Amino acid sequence: MGVDECPRRWLWRCFLLFIEITTVSTTVTASDSHKNRENLVSRIAFGSCSNQSAPQPIWDAVADFNPQIFILMGDNIYGDIKRPFKIFGRERTIGPWKNVPRFLPASEQEMEAKYQKAKSNPGYARVKESAEVIGTWDDHDYGLNDAGKEFHKKKTNQKLLLDFLDEPQDSPRRKQAGVYASYTYGPMGKDVKVVLLDTRYHRDPVGTDGTILGDSQWSWLERELKGPPTAITIIGSSIQVISNLSATLQPLVAMESWGRFPKERDRLFKLIADSKRGGVLFISGDVHFGEITRYDCASDYPLFDITSSGLTQSVEEVVPRFLHPLVRFFAWFTPSTMRVKGPNCKYKSCVYGQPNFGTIEIVWESHPVSVKFEVRDKNGVAVTGVNVSLTELHPSKSDSLDKVKTGDNQRHCTLEASLPWIKRYRIAILFYFTIAVLLLTILIGVSCACVSIFRLGGCKRKHE
C-alpha cells in the first residue's frame, strides 16, 4: 500500500463511521417519534402556580387520575423574591407613595435550588414516574412577577427551566429564543397535538397592545397550525386566552391575559380560523382560580379555554376562612360573558378558588368521540366541567358560525370589554360605594360623638 493511499483510506473510514452514526441517530429519533404515534392518549392533566415551599397534597389526586401526560402551565416554582406589604417606613411596597418594587429577581443559584426542591417533592416524583411531564413557564419561574421581554435574566432562566423539565441537551428548545414547543401523540386519526406557547420571552409591556409571541414564535405557530391535521390540538398558554376579567375588574385589579393585547388575540383567533384546523382548544393558568370559558365567534366551532390555577396558590388560600363566602360572592357578581355555567359547578359562579388541577379525558371508543374537560379539587373531585363530542369541535358542513350567533350561545360572543359600562364596572361601583358608606358612617359616628361631648361639657358648666 502506497503512502498516498493511507490518507484516502482513513478519510473513507471516517466517512463510513459518520454515515453509521447519522443512521443510528436518525433511527433513535424516528423510533421515539414512532413510539409517541403508537400510544393512544386519552387522559391528560395539567396545572400551574405551584409554590415549592408550600404543602402540595394535590399531587396525590393528580397521580390517582393516572394521566399519560401532565402539562406544567407556568409558575412551576416561585423563583422571584417578594417583599412584604409595607405602607409606611423606609421601603414602601404599596400605595401611591410606593418607592420600591415589591418583587425582585433571585440569583441563578437561588432559582436552581428552588427547582431542585420542587423536583424532589414526593408527590411530583410520583406523577413523573407514570406520566410524561412537559411544560412552559409564566412570570414567577421566568424570573420576575409580570415580566416580559425586558427581563435581563431570561436566557439563564430558560436553561434552568429546561433542566427542570429534563429537556435533552440537543433539544431545539435550548437553542431558540423562548421555551415554546409542540408534541404529537397517538396514531393518525386519533392523534393529539400539544402546542405550548411562551408568553414571556418576547412580550411587550402590558397596555401597549404590542406583541405577546414575537415574530419568530408567530411564524413557528403558523407552521404548526397549518401543518398536518390532528384530531385534537391543545394550545397551552400560561395566561388566559378567552377570559378578560381585567376589563371588568379595573381599576381594582389588573390581571394579565390575551384580552389585554386585543390585536394579538384577534390575530390568534384569525390564524386558527384561516388554518381550517379542527379540534383546537386552550388550556391556561396564572389567575389562582379555576374556570372554563368559551368563545363561539372566533372560528366556525366553539373555542374552549380550561383554566387551572393553582396547584398550591389560590385566591381563597390567602384570606381567612370566614371571608371565603365574600370571595365567592364577588366571583359570582363579577360579570363574565365567556364563562361556561351549568349544573356541573360546585359554586354558583362556576369559579373555583381553592387548589385545583385540570383534566382532559377523551373517549375514543364512543360514537361520536367524546371529550370531557374538568377542573378538579385537591381530592380529585370535579368542581366544574364540560362534556362535548369531538364533532362539535370541528367545522361542520353547514354554517355553524351563524348557528352559534343565535339562541343561548349568544352570550359567548360578547367580549367583556364590549359590555355596557354600568354592568362592566359594577364590581368597582359596588366597592367604592361600600367604601363611601363606611367612611360616611365613620364621619357621622365621629360627629355624633363630638356633639355628645360638647353637650356633656355644656351641661356640666350649666350645673356648676
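**Note on the predicted model: strands, cores and disulfides**

1. In strand 11, the residue that Ile283 faces as its bridge partner is Ile306. This bridge belongs to the pairing of strand 9 (residues 280–284) with strand 11, which runs in the parallel sense over three bridges. It should be kept in mind throughout that the model is a predicted one.

2. Strand 11 also pairs with strand 10 (residues 291–295), here in the antiparallel sense and over five bridges, and within this pairing Tyr295 has Leu303 of strand 11 as its bridge partner. Strand 11 is thus described by a parallel pairing with strand 9 and an antiparallel pairing with strand 10.

3. How far is strand 11 enclosed by the rest of the structure? Five of the five residues in the run 303–307 are buried, so the strand is largely enclosed by what surrounds it. In a regular strand the side chains alternate between the two faces of the sheet. Here Leu303, Asp305 and Thr307 point one way, while Phe304 and Ile306 point the other way, and all of them are buried; the list of buried positions therefore includes Asp305 and Thr307 as well as Leu303, Phe304 and Ile306, on a strand whose five residues are all buried.

4. A six-stranded open sheet has the strand order 5-2-1-12-13-14, with mixed pairing. Its edges are strand 5 (132–135) and strand 14 (382–389), each of which pairs on one side only, and neighbouring strands in this sheet are turned against each other by 20° on average when direction is ignored. Within the sheet, strand 1 (residues 43–47) and strand 2 (residues 69–72) pair in the parallel sense over four bridges, and Gly47 stands opposite Leu72 of strand 2.

5. Helix 2 (residues 58–65) lies across strand 1, strand 2, strand 12 (356–363) and strand 13 (370–377), and the helix runs at about 5° to strand 12.

6. The largest nonpolar core has 36 residues, and those with the most contacts inside it are Ile71, Ile232, Ile360 and Phe373. Apart from this core lies another, of 33 residues, among them Leu144, Phe151, Leu161 and Phe357. For Ile360, when neighbours within four places in sequence are left aside, the contacts include Ile44, Phe46, Phe65, Ile234, Leu281, Ile283 and Phe373, and also Ser42, Arg43 and Lys372. Ile283, one of these contacts, is the residue whose bridge partner in strand 11 is Ile306.

7. The count of disulfides comes to two. Cys297 and Cys413 form one of them, with their sulfur atoms 1.8 Å apart, and with 70° about the S-S bond this link is right-handed. Cys297 lies in the loop between strand 10 and strand 11, and Cys413 in the loop between helix 11 (400–404) and helix 12 (421–424), so the pair ties together parts that are 116 residues apart in sequence. Cys297 is partly exposed, at a relative accessible area of 22%, whereas Cys413, at 15% relative accessibility, counts as buried.

8. Cys345 and Cys350 also form a disulfide, their sulfur atoms being 1.9 Å apart, and this link is right-handed as well, with 100° about the S-S bond. Both Cys345 and Cys350 are buried. When the bonded cysteines of the protein are numbered in sequence order, the pairing reads 1-4, 2-3.

9. Why is Cys450 not bonded to its closest cysteine sulfur? That sulfur belongs to Cys448 and lies 9.3 Å from the sulfur of Cys450, which is too far for a bond. Elsewhere in the chain, Cys49 is buried, with a relative accessible area of 0%.

10. Phe329 lies in helix 10 (residues 324–333) and, at 35% relative accessibility, counts as partly exposed. Phe329 and Ser349 are 20 residues apart in sequence, and their C-alpha atoms are 8.0 Å apart in space.

11. The unreviewed UniProt entry places a "transmembrane region" at residues 429–454. In the model the chain over residues 429–454 is 100% helix and 0% strand, and the C-alpha atoms at its ends are 37 Å apart; the placement itself comes from the record, while the helix content and the end-to-end distance are computed from the model.

How values were computed: Residues are numbered from 1 along each chain as its sequence is written. This is a predicted model: local features need pLDDT of at least 70, side-chain atom pairs count only at pLDDT 80 or more; totals for chains, interfaces and linings use all residues. Side-chain values use heavy atoms; hydrogens and water are left out. Buried means under 20% relative accessible area, exposed over 50%, partly exposed in between (1.4 Å probe, protein chains only). Helices (H or I, at least four residues) and strands (E, at least two) are DSSP runs, numbered from the N terminus. Two strands pair if DSSP finds at least two bridges between them. UniProt positions are given in the numbering used here, feature names are shortened, and annotations may be inferred rather than shown by experiment. A disulfide is a pair of cysteine sulfur atoms within 2.5 Å. A nonpolar core is a set of buried Ala, Val, Leu, Ile, Met, Phe, Trp, Tyr and Cys residues joined through side-chain atoms within 4.5 Å. Contact means heavy atoms within 4.5 Å. Axes are lines fitted to C-alpha atoms, for helices over the stretch in contact, and angles run from 0 to 180 degrees between N-to-C directions.
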